[in-house]
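User: I'd like a close look at the salt bridges in this one, with a bit of context on the chain around them. How many salt bridges does a search of the whole structure find?

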Amino acid sequence: MIIKNAKVYTPEHRFVRQDLVIRGGRIVPGAPAPEPGEEVLDAEGLYALPGLVDIHFHGAVGHDFCDADPDGLQAIADFEASKGVLAICPATMTFSEEILNGIVDVARAHKNDRGADLVGINMEGPFISPRKVGAQNPKYVTPANVGMFRRLQERSGGLFKLVDLAPEEPGALDFVRACGDEVRISIAHTCTDYATAKAAFAAGARHMTHLYNAMPGITHREPGPIIAALEDGATVELITDGVHIHPAMVRFTFRVFGDDHVVLIADSMEAAGLPDGQYSLGGQAVTVRGPRATLTEHPDTIAGSATCLYDCMRTAVREMGVPLESAVRAASENPARCIGIDQDYGSLAAGRFGNVVLADSELNIRTVIKKGAVLNRE
């Protein structure tokens, strides 16, 4: 396939009018002559964006990753791909090892024949603070356990790319020291202070889960984990659905952390792609009204989002004042780099998969291309 005349998002993080050539499923360098029978798409006036990479979300279209349902996982992958998200690393909830085993088995057996490619698992629970469970199930919260993680990782065939934990909890820092070279460790659902967060980063943590949410904020005498993350160069997740974080804080985060350290995520639950109504997350009832999803029994507790990563990226640009170049980087290259798949995904550099989203000037998706094949076209 040759995509002509597009405004291509380059590895230098700017848009340049040029052609993209995809052969054998991957982007090839230069501008080679067309081959007989090769499809040519005229993308005049359109942006060519890398396929997005979501490293933290739970479900969509009535299905949850933790349902451990092969058909449901495929439906999620199909929906995400239709929204320009072509690599997914869905998150588990806080469950027992027995329940997690069933989720892992379905993920490992999944074939990336169609839809978004399953490229990993994000282990969001159960190594979190019982005082910051959010929409997680407190019944299954447990101290960080090296043996449990390694058993799950072996069972998954190495699919776990992120492990989230509260560093102030018993055994957490020992876990970071033991496993920091095996998986990317993220501070999450935590009451940690600045000093303990600094100790976690020194031990090997490198990431922050949904920054600002389910963690202490910043004050002038107690700077907390956010300032520790800034000082130690951690990558930080942001949910830019217009519900979780005020636009001014989103702009602040991009300016202070830099667009090379921000990772946009959806943190979506099963209501993504569906109308308002009653849903569930981790076995708990959730009410969705508009973009807001909350625990039905605790309506002040946000329960993930009801949108997809592409719409979060679009919201960041069109409603929050984030430069397009920065938002695209944070939704594609940065998450791919975080979980070690950036040689294949997250960029339109030569050698990467030919995963391309063609979008108009208002960022409406016009065409989604996976590995050189058109998945959907407006």
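Analyst: A quick term before the charges: the radius of gyration is taken over C-alpha atoms, and the globule rule is 2.2 Å times the number of residues to the power 0.38. With 378 residues, that rule puts a compact globule near 21 Å, and the protein chain has 20 Å, so the two agree. Keep in mind that this is a predicted model, where local features need pLDDT of at least 70, side-chain atom pairs count only at pLDDT 80 or more, and totals for chains, interfaces and linings use all residues. Residues are numbered from 1 along each chain as its sequence is written, and side-chain values use heavy atoms, with hydrogens and water left out.

Along its principal axes, the C-alpha atoms of the chain fill a box of roughly 65 × 45 × 40 Å. The chain holds 10 helices and 24 strands (DSSP runs numbered from the N terminus: helices H or I of at least four residues, strands E of at least two). Of the 378 residues, 56% are buried (under 20% relative accessible area; exposed is over 50%, partly exposed in between, with a 1.4 Å probe and protein chains only). Now take the contacts, meaning heavy atoms within 4.5 Å. Among those between residues at least 6 apart in sequence, 68% join residues at least 24 apart.

Now to your salt bridges. The search of the whole structure turns up 19 of them, each a side-chain nitrogen of Lys or Arg within 4 Å of a carboxyl oxygen of Asp or Glu.

Start with Asp344 and Arg26, whose closest N and O atoms sit 2.9 Å apart. This pair links distant parts of the chain: Asp344 is in the loop between helix H10 (333-338) and strand E22 (356-359), while Arg26 belongs to strand E3 (residues 26-28), 318 residues away. Both partners are partly exposed, Asp344 with a relative accessible area of 25% and Arg26 at 28%.

Next comes Glu39 with Arg377, a salt bridge with an N to O distance of 3.6 Å. Glu39 lies in the loop between E3 and strand E4 (40-42) and Arg377 in strand E24 (residues 373-377), so the bridge ties together parts 338 residues apart in sequence. Here too the partners are partly exposed: Glu39 comes out at 33% relative accessibility, and Arg377 at 49%.

Right after E24 you run into Glu378, which is in the segment following that strand. Glu378 counts as exposed at 65% relative accessibility. Leaving aside residues up to four places away in sequence, Glu378 touches Ile365 and Arg366. By contrast, Tyr345 is 33 residues from Glu378 in sequence and 24 Å away in space, C-alpha to C-alpha.

For a local pair, go to helix H4. Arg177 and Asp174 meet in a salt bridge at 2.9 Å, N to O. They are three residues apart in H4 (residues 172-179), so about one helical turn separates them. Arg177 and Asp174 are both exposed.

Then there's a cluster: Asp259, Arg329, Glu333 and Arg337 are linked in a network of salt bridges.

A few backbone spots deserve a glance while you have the model open. Most residues other than glycine have a negative phi, and most peptide bonds are trans. The peptide bond from Gly125 to Pro126 is cis, with omega near 20°, and Pro126 lies in the loop between strand E12 (121-123) and helix H3 (146-156). Tyr212 isn't a glycine, yet has a positive phi of about 80°. You'll find Tyr212 in the loop between strand E15 (207-208) and helix H6 (224-231), where it is buried with a relative accessible area of 18%. Asp267, also a residue other than glycine, has a positive phi near 50°. The loop that holds Asp267 runs between strand E17 (262-265) and strand E18 (277-281), and Asp267 counts as buried at 6% relative accessibility.
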